[in-house]
Amino acid sequence: MTEPQLTQIDHVAIAVQDLEAAIAYYADTFGATVAHRERVDSDGVEEALLKVADSYIQLLTPVRSDSPVAKYLEKKGEGIHHVGYRVADCAATLQSVKDHGGQVIDQVPRPGSRGTTVAFVHPKGAFGTLIELVQE
Ligand code: CO
C-alpha cells in the first residue's frame, strides 16, 4: 500500500493542568473559541477542541489520577501529548501499522470524542510521537 492514508491533521493534543486557564489563554491571546467540549470517561480526561481551519487544538486535562494523561503530566509536564491524523478508514490504517511492524495501543478501533472512531499507535516505533488515527 503506497497510497496516502492520512488525509488531514485532525488535532494536536496538548496536556494541561488547568483546562479553564488554557482555554482562556487561547481565547484571549489568539481569539480561538471552543468548538466542542467533552469528558471522555474511558480515557479519564476532559477535553476542549478549539477550531483552527479544518483542524483542532485539543486541550486535555485528566479527571482522575490513574488517567494516562495524569501520568504524562507527572512525568513530562505540560505540552504536546499526541497528534491526531484524520484517516478515511481507521481499521485499514491500523492494520497497515501492524503490517509494518509498528506497536499499537488499541488492537482494534474504538469510539473517540465527537462521535469519531479512533485508534492509538505507540510512540515506540513511531519516532517518539503518540499517534491517534481519527476517522470521522
Ligand atoms: Co486525541
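User: What spacing do the donors of the cobalt ion follow along the chain?
Analyst: In this predicted model, the spacing is H-x46-Q-x23-H-x49-E.

User: Which residues are the protein donors, and how far from the cobalt ion do they lie?
Analyst: His 11 and His 82 each donate through NE2, Gln 58 through OE1 and Glu 132 through OE. They lie 1.9 to 2.7 Å from the ion.

User: Which parts does the pair of Gln 58 and His 82 tie together?
Analyst: Strand S4, residues 55–62, holds Gln 58, and strand S5, residues 79–87, holds His 82. The pair therefore ties together parts that are 24 residues apart in sequence.

User: Is Gln 58 buried or exposed? And what about His 82?
Analyst: Gln 58 is buried, at 4% relative accessible area. His 82 also counts as buried, with 3% relative accessibility.

User: What are the angles at the cobalt site?
Analyst: They run from 86 to 174 degrees among the 4 donor atoms, and the site is irregular. Four donors would need all angles between 85 and 135 degrees to count as tetrahedral.

User: Switching to rings. How many aromatic pairs are there?
Analyst: The structure has 3. One of them joins Tyr 25 and Tyr 26, edge-to-face, with 5.4 Å centre to centre and 90 degrees between the planes.

User: How are the rings of Tyr 25 and Phe 30 placed?
Analyst: Their centres are 5.6 Å apart and their planes stand at 85 degrees, so that pair is edge-to-face. Ring pairs link Tyr 25, Tyr 26 and Phe 30 into a cluster.

User: Which of those are buried or exposed?
Analyst: Tyr 26 counts as buried at 18% relative accessibility, Tyr 25 is partly exposed at 43%, and Phe 30 counts as exposed at 52%.

Methods:
Residues numbered from 1 in each chain as written. Predicted model: local features only at pLDDT ≥ 70, side-chain atom pairs only at ≥ 80, totals over all residues. Heavy atoms only, no water. Phe/Tyr/Trp six-rings, centres within 6.5 Å; stacked < 30°, edge-to-face > 60°. Buried < 20%, exposed > 50% of the residue type's maximum accessible area, 1.4 Å probe, protein only. Donors = N, O, S within 2.8 Å, 3.2 Å for Na, K, Ca; no water. Tetrahedral: all angles 85-135°; square planar, octahedral: opposite > 155°, others 65-115°. Helix = DSSP H or I, 4+ residues; strand = E, 2+ residues; numbered from the N terminus.
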